[in-house]
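Please take a moment to look at the sequence and the model shown below, and keep both in view while reading. The paragraphs that follow lead from one helix to the strands, then to the ligand and the protein as a whole.

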Amino acid sequence: THFGFQSVPEEEKEHKVYEVFENVASKYDLMNDAMSGGIHRIWKDMFLDRFAPAPGTKLLDVAGGTGDIAFRFLKYVGAPTHISLQNESAMREKESSEEENPAAIIFSEPDENGSHVTVCDINQAMLDVGRHKADEMGYTSGISWLRGNAEMLSLPDNTFDAYTIAFGIRNCTHVQKVLNEAYRVLKPGGRFLCLEFSEVKNPLLRSVYDNYSFQVIPVMGQVLAGDWKSYQYLVESIRQFPNQEDFAAMIKLAGFRMVSYENLTFGVAAIHSGFKI
Ligand code: SAM
């Protein structure tokens, strides 16, 4: 279509995706609620439920955006929040030192149980919204923010207990590369978990869903965020992403074992899981 990205060549996809999230960052959370009727929250809660991380888990959350998965993880493992005047001034000091070197990787200490999440995203605007939220929620330890590309992580091999990616992998140009990288950075025994839009098989439900997404989503994008194109992209990227079975095959190809998936809301979304053994 005229508005869409369908004809965008592969080498331009990364740039286009970058622009989309640069444009939507400040409205990202609001738009998620509006377009899914809040259902994305339930899916993310279910995702954490299936993940069931133990305290002490070292997680890498890729395409972590504004931190929805990371904050649920911290809550799940019972990481403490520290809101006090003392900490606020410490935070302010931290912020000003970061300003001197905005490209610096921000690493924090694990929480008192050793739990830690590194939120990695290619887009600084999304990460900035997330960091601001972390400050507001009072998370001063247990979370780090890293700008980076899921297709080539600047992280060592065998580092994390778990790797999550939620509504992020379909935005990546080379999905297989992302999966191979996930495998590389996980420790042996580590778990891969992905939450992503998927395929609705039931023909009747599918036509309802198609009508909703192609006709309603871009209009809502225009009305709520003044941005038709970004939301048109969103819908197209969902249709182009491999279905449950094909994606599971790619996960196996990366080397993962015990690969399985679970449909959420008739397959509108799915959770894929695999282990590095
Ligand atoms: N995981 C978050 C959530 O569930 O709310 C954010 C999902 S958001 C739809 C997709 C995110 O993927 C954006 O923040 C975008 O910047 C990020 N992204 C896109 N391509 C990426 C890449 N190649 N590497 C890392 N992050 C990427």
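Helix H6 is followed by Gly138, and the phi angle of this glycine is positive, near 90°. As the model is a predicted one, this angle, like every other value here, is computed from the predicted atoms.

Going back into the helix itself, one can check its length with a simple piece of reasoning: H6 has 14 residues, running from 124 to 137, and at 1.5 Å a residue they should span 20 Å, which agrees with the 20 Å that separates its end C-alpha atoms.

Which residues of H6 are buried? They are Met126, Leu127, Gly130, Arg131 and Ala134, where a residue counts as buried if 20 or more other C-beta atoms lie within 10 Å of its own. These five cover an arc of only 135° around the axis, and therefore they lie on the same side of H6. The spacing along the sequence can be understood from a general property: an α-helix has 3.6 residues a turn, so residues three or four places apart point the same way. On the face of H6 that is turned away from the buried side, one finds the exposed residues His132 and Glu136. The buried residues of H6, for their part, pack against two helices, H1 and H2 (28–36), and against two strands, E2 (116–121) and E3 (143–147).

Strand E2 leads on to strand E1, because the two pair in the parallel sense over five bridges, with Val62 standing opposite Cys120 in E2. E1 also pairs in the parallel sense with strand E4 (residues 160–166), here over four bridges, and in this pairing the partner of Leu59 is Ala162. Four of the five residues of E1 (residues 58–62) are buried, so this strand is largely enclosed by the rest of the structure.

What surrounds the ligand? There are 20 residues around it, and those that come nearest are Ala63, Gly65, Asn123, Ala150 and Ala166. Two elements, helix H1 (10–24) and helix H4 (68–76), give two or more residues each to this shell. Sorted by class, the shell has eleven nonpolar, six polar and three charged residues.

Seen as a whole, the protein contains ten helices and seven strands, and of its 277 residues, 37% count as buried. Among the contacts with a separation of 6 or more, 76% are made by residues that stand 24 or more positions apart.

Technical notes:
Residues numbered from 1 in each chain as written. Predicted model: local features only at pLDDT ≥ 70, side-chain atom pairs only at ≥ 80, totals over all residues. Near = placed C-beta within 6 Å. Nonpolar A, V, L, I, M, F, W, Y, C, P; charged D, E, K, R; others polar. Expected span 1.5 Å × (residues − 1). Buried ≥ 20, exposed ≤ 12 C-beta atoms within 10 Å, placed from the backbone. Arc of directions from axis to C-beta. Contact = placed C-beta atoms within 7 Å. Pairing = 2+ DSSP bridges.
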